[in-house]
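Let's take a stroll through a protein model, one stop at a time. Have the picture open and follow along.

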Amino acid sequence: MEREFKWKASAQQFDALCQSLGLHPHPQTILHMDATYYDDAAHSLRDRKIGLRLRSENGRKVCCMKLRTEAQNGLHVHEEYECAADTLIDGLQKLPAHGASAELCQHLAQSELIPIAHVCFDRQPVMWTQDGFSAELSLDIGTLASGSQSVQFCEIECEYKEGDADAFQTACEAQAARFALTPEPLSKLARALSLSKV
């Protein structure tokens, strides 16, 4: 299960948050993310709130399947499976070994999958460790697109890595209140798909 907070925020808020926590993001750690999301013509993944993407992370390709749930106060908790993969089919063949449904992956590998959304952004991550937990705090700035529509976005993510999950949630909620961070209830995919009907 992946646990992460998402907040609508600015680069200035990210800088202030990092400064208050004694964190020092470095420009050399910036990752360029370029992701394409897929579904079949019947929108079976979208209807089941499943996201399937192939993403390039500074040139390294990763296939990911997410089973999304509703967010509460910016906290997103969902199943996530991913693996290194050069192509979408390659990823669907490997994902079951990482926990994804073998039946679903086999069905998708035999289906005609079409691009439904594109997300391109730069991520500046920094590790945050305190109170018995470890998390990755990131600033994401880029573009969400679906069909002929696109929109720019800027958000802060904080992804739980290990340790005390309750302490992680308490610390995130405290920082969100301190810096007036607005919870983002929707995933990047959901926001892209809201731009147009596909």
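F153 sits in strand β8. Keep in mind that the model you're looking at is predicted. Is F153 buried or exposed? Its relative accessibility is 8%, so F153 counts as buried. Its contacts, leaving out residues up to four places away in sequence, include V119, C120 and F121, then D140, I141, G142, T143 and L144, and also K188 and R191. R191 is worth a second look: it lies 38 residues from F153 along the chain, yet the C-alpha atoms of the two are separated by 9.9 Å.

Now hop over to R123, which belongs to strand β6. With a relative accessibility of 9%, R123 counts as buried because the cut-off for that is under 20%. Which residue shares a polar contact with the side chain of R123? That's D140: the two side chains are joined by a polar contact of 2.8 Å. D140 also turns up among the residues that F153 touches. Again not counting residues up to four places away in sequence, R123 touches D140 plus T29, I30, L31, M33, R55, S138, L139, E157 and K188. K188 is on the contact list of F153 as well.

**Helix α5**

Next stop is helix α5, which runs over residues 165-178. Here's a little sum you can follow: at 1.5 Å a residue, its 14 residues should span 20 Å, and the end C-alpha atoms are indeed 20 Å apart, so the two agree. Which residues of α5 are buried? They are A167, F168, A171, C172, Q175 and A176. These buried residues cover an arc of only 165° around the axis, which means they lie on the same side of α5. The face turned away from that buried side carries the exposed residues D166, T170 and A177.

So what covers the buried side of α5? The cover includes the strands β1 (2-8), β6 (113-130), β7 (133-146) and β8 (149-163), along with helix α1 (11-21).

Let's look at T170 in helix α5 a bit more. Its relative accessibility is 52%, and because the cut-off for exposed is over 50%, T170 counts as exposed. A35 is 135 residues from T170 along the chain, and the C-alpha atoms of T170 and A35 are separated by 31 Å.

The start of α5 has its own detail: a side-chain oxygen of D164 comes to within 3.0 Å of the backbone nitrogen of D166.

**Helix α1**

Since α1 helps to cover α5, let's turn to α1 itself. Its buried residues are F14, L17, C18 and L21. They cover an arc of only 95° around the axis, so they sit on the same side of α1. Q12 and Q19 are exposed on the other side of α1. And what do the buried residues of α1 pack against? They pack against β6, β7, β8 and α5.

**A few backbone angles**

Here's a rule of thumb before the next bit: most residues other than glycine have a negative phi. With that in mind, check out these positive values.

| Residue | Where | Phi |
|---|---|---|
| G22 | after α1 | near 75° |
| K49 | loop between α2 (44-47) and β3 (50-57) | about 55° |
| D131 | loop between β6 and β7 | near 50° |
| A180 | just after α5 | about 55° |

How accessible are the two loop residues? K49 has 37% relative accessibility, so it counts as partly exposed. D131 is exposed, with a relative accessible area of 54%.

**Zooming out**

Time to step back and see the whole chain. How many helices and strands does the protein chain have? There are 6 helices and 9 strands. The radius of gyration is 17 Å, close to the 16 Å that the globule rule gives for 198 residues, so the chain is as compact as a globular protein of that length. Along the principal axes, the C-alpha atoms fill a box of roughly 50 × 35 × 35 Å.

Of the 198 residues, 47% count as buried. The chain exposes about 9,900 Å², and carbon and sulfur atoms supply 49% of that. Finally, take the contacts with a separation of 6 or more: residues 24 or more positions apart account for 64% of them.

How values were computed
Residues numbered from 1 in each chain as written. Predicted model: local features only at pLDDT ≥ 70, side-chain atom pairs only at ≥ 80, totals over all residues. Heavy atoms only, no water. Helix = DSSP H or I, 4+ residues; strand = E, 2+ residues; numbered from the N terminus. Expected span 1.5 Å × (residues − 1). Buried < 20%, exposed > 50% of the residue type's maximum accessible area, 1.4 Å probe, protein only. Arc of directions from axis to C-beta. Contact = heavy atoms within 4.5 Å. Polar contact = N/O pair within 3.5 Å; in protein donor to acceptor, adjacent residues only side chain to side chain. Rg over C-alpha atoms; globule rule 2.2 N^0.38 Å. Areas by Shrake-Rupley, 256 points an atom, 1.4 Å probe, with all protein chains shown as cover.
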